[in-house]
Amino acid sequence: MTEIRFHNTLSGRVEPFVPLTPGEVRIYTCGPTVYDYAHIGNFRTFVFQDVLRRFLGSRGLRIHQVMNLTDVDDRIIVNAAAAGISIREYTEKYVRAFLEDMDALGLERPEQIVRATDHIEQMVALVERLREKTFTYLTDGSIYYRIAKFPTYGKLSKIDLTGIQAGAGARVEVDRYEKADARDFALWKAPKPGEHFWETRIGPGRPGWHLECSAMSMHYLGETLDIHTGGIDLAFPHHENEIAQSEAASGKQFVHYWLHAEHLLVDGEKMSKSLGNFYTLRDLFAKGFKPSSIRYLLASVPYRRQLNFTMDGLQQAVSSVERLRNFAARLRAEKFPAGASPQAARAAEAVAQFEAGLADDLNTAQALAAVFDLVRDANTAMDRGEFRAGDAGPVLDALAKFDRVFAVLEDRDAERLRVLGYGASDAGISDAEIDGLIAERQAARQRRDFAAADNVRKVLLERGIILEDTRDGGIRWKRK
Ligand SMILES: [Zn+2]
């Protein structure tokens, strides 16, 4: 099999991937800040990390991936205080929505999804370690990291910070906290009146965002990890600060491979609410797009290229997924003459090209091209009557290998949309679909899952179908 190579932001080069422990990969992924619904730009990065873990898993590597949920953040603290509720109450809705969105897109759950608010102790301990080594100083109750003590600061993002010095006139806010150096960042922030804080050994306050990730990644994965992923916008300052904290505390290299996903643009522009081109997944579901099409589109562009999201592109993704599903259905349904043809060898070749594409820094475009070439060739062979019964197995195997990573073949769209409360399509609902849903509801009632049963009733109602229980225990339905 082709050697796996990744572009490492740290070295700026594509390098062979060698795990620290043979057979295992330890990955840390910066998760969402749970103060709102995640948008498709966020999900571009999460789909990339899903493709990454699925591909490494397909190579037989055991994955230990940790993803954090940032539930301590200035916006969260301010919003929760304004609403008069706890941080946990405020973030619960967005945590649930994020997990539902992950499921809708078929993202594998990382082995651990951890919340910042559950790891205050680990963060305090990390600040204490840094304080012992004199990397910190205290100003007005906040604890800062002294970047001047970490000479390799900037090695990840290659950012030139020489202009940013306290009082050097740089456009960085320096007065507010009286930092010794404008580059210095808060490890621990002093409490503000009326806002939530923790009473700890290092004083009252709340952790800085960068501290959360260093503390949680090292707690679960050890002081040196194989891979750290995130969006490119996190490289500086977030990941730079994670390196500064972790390496100052441990004296060891923090991360071997830094993988960053490029930005997502919408119609060639930066996504923003004011431009009206800002989409959450749910916005797209409400427009009638299926989770599989969105997943396909987000996965189809190699992660280090900018992805220009357009409705045309999404329509193309719809047809691509349909073409793959139709092909798989044809393979299963048609009867082919006995024997084998060159198509079996063709399938093996496609698998090799597919895997070589992914091994080459997750070149998903090349991997997909290999699959679609195979689909085209096999369809042609079928049309000409040259496809043989013995070819179907190898070609189906090739599709299974493809789907182990891309995960769009099996049609679970309707079911996933239903969980989120969306109808499968706006095109009306067939009698057969209604009967299917009613059967589902009856089954749910029989296993006493009344929430699921109620949900089916709700879904049907949203699609204009009213259910009536009959006297003899049956169900009647009518259209509104
Ligand atoms: Zn992070």
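This report describes a zinc site, a helix pair, a three-stranded sheet and one buried serine in a predicted model.

The model is predicted: local features need pLDDT of at least 70, side-chain atom pairs count only at pLDDT 80 or more, and totals for chains, interfaces and linings use all residues. Residues are numbered from 1 along each chain as its sequence is written, and side-chain values use heavy atoms, with hydrogens and water left out.

**Zinc site**

The zinc ion is coordinated by C30 (SG), C213 (SG) and H238 (NE2), at 2.0 to 2.1 Å. Donors are N, O and S atoms within 2.8 Å of the metal (3.2 Å for Na, K and Ca); water is not among the atoms, so sites may look incomplete. Along the chain the donors follow the spacing C-x182-C-x24-H. C213 lies in helix α5 (residues 209-221) and H238 in helix α6 (residues 235-250), so this pair ties together parts that are 25 residues apart in sequence. Helices (H or I, at least four residues) and strands (E, at least two) are DSSP runs, numbered from the N terminus.

Relative accessible areas are tabulated below for two of the donors and for S142. Buried means under 20%, exposed over 50%, and partly exposed in between (1.4 Å probe, protein chains only).

| Residue | Relative accessible area | Class |
|---|---|---|
| C213 | 0% | buried |
| H238 | 1% | buried |
| S142 | 4% | buried |

**Serine 142**

S142 is found in strand β7 (residues 142-145). A polar atom of the S142 side chain lies 2.9 Å from the backbone nitrogen of A190. Leaving aside residues up to four places away in sequence, S142 touches Y137, W188, K189 and A190 (contact means heavy atoms within 4.5 Å).

**Helix pair**

Helix α1 (residues 40-58) and helix α8 (residues 291-300) pack at an angle of about 75°, with their axes 9 Å apart. α1 and α8 are therefore roughly perpendicular to each other, a class that covers 65 to 115 degrees. On the α1 side the contact is made by I40, F43, R44, V47, D50, V51 and R54, and on the α8 side by R295, L298 and A299.

**Sheet**

Three strands form an open sheet with mixed pairing, in the order β14-β13-β15. β14 (269-270) and β15 (307-309) stand at the edges with a single partner strand each, so one side of each has no neighbour in the sheet. Two strands pair if DSSP finds at least two bridges between them. Strand β13 (residues 264-266) pairs with β15 in the parallel sense over three bridges; the bridge partner of L264 in β15 is L307.

Definitions and conventions:
A polar contact is a pair of N or O atoms within 3.5 Å; within protein, one must be able to donate a hydrogen and the other to accept it, and residues adjacent in sequence count only if both atoms are side-chain atoms. Axes are lines fitted to C-alpha atoms, for helices over the stretch in contact, and angles run from 0 to 180 degrees between N-to-C directions. Angles under 35 degrees count as roughly parallel, over 145 as roughly antiparallel, 65 to 115 as roughly perpendicular and the rest as oblique.
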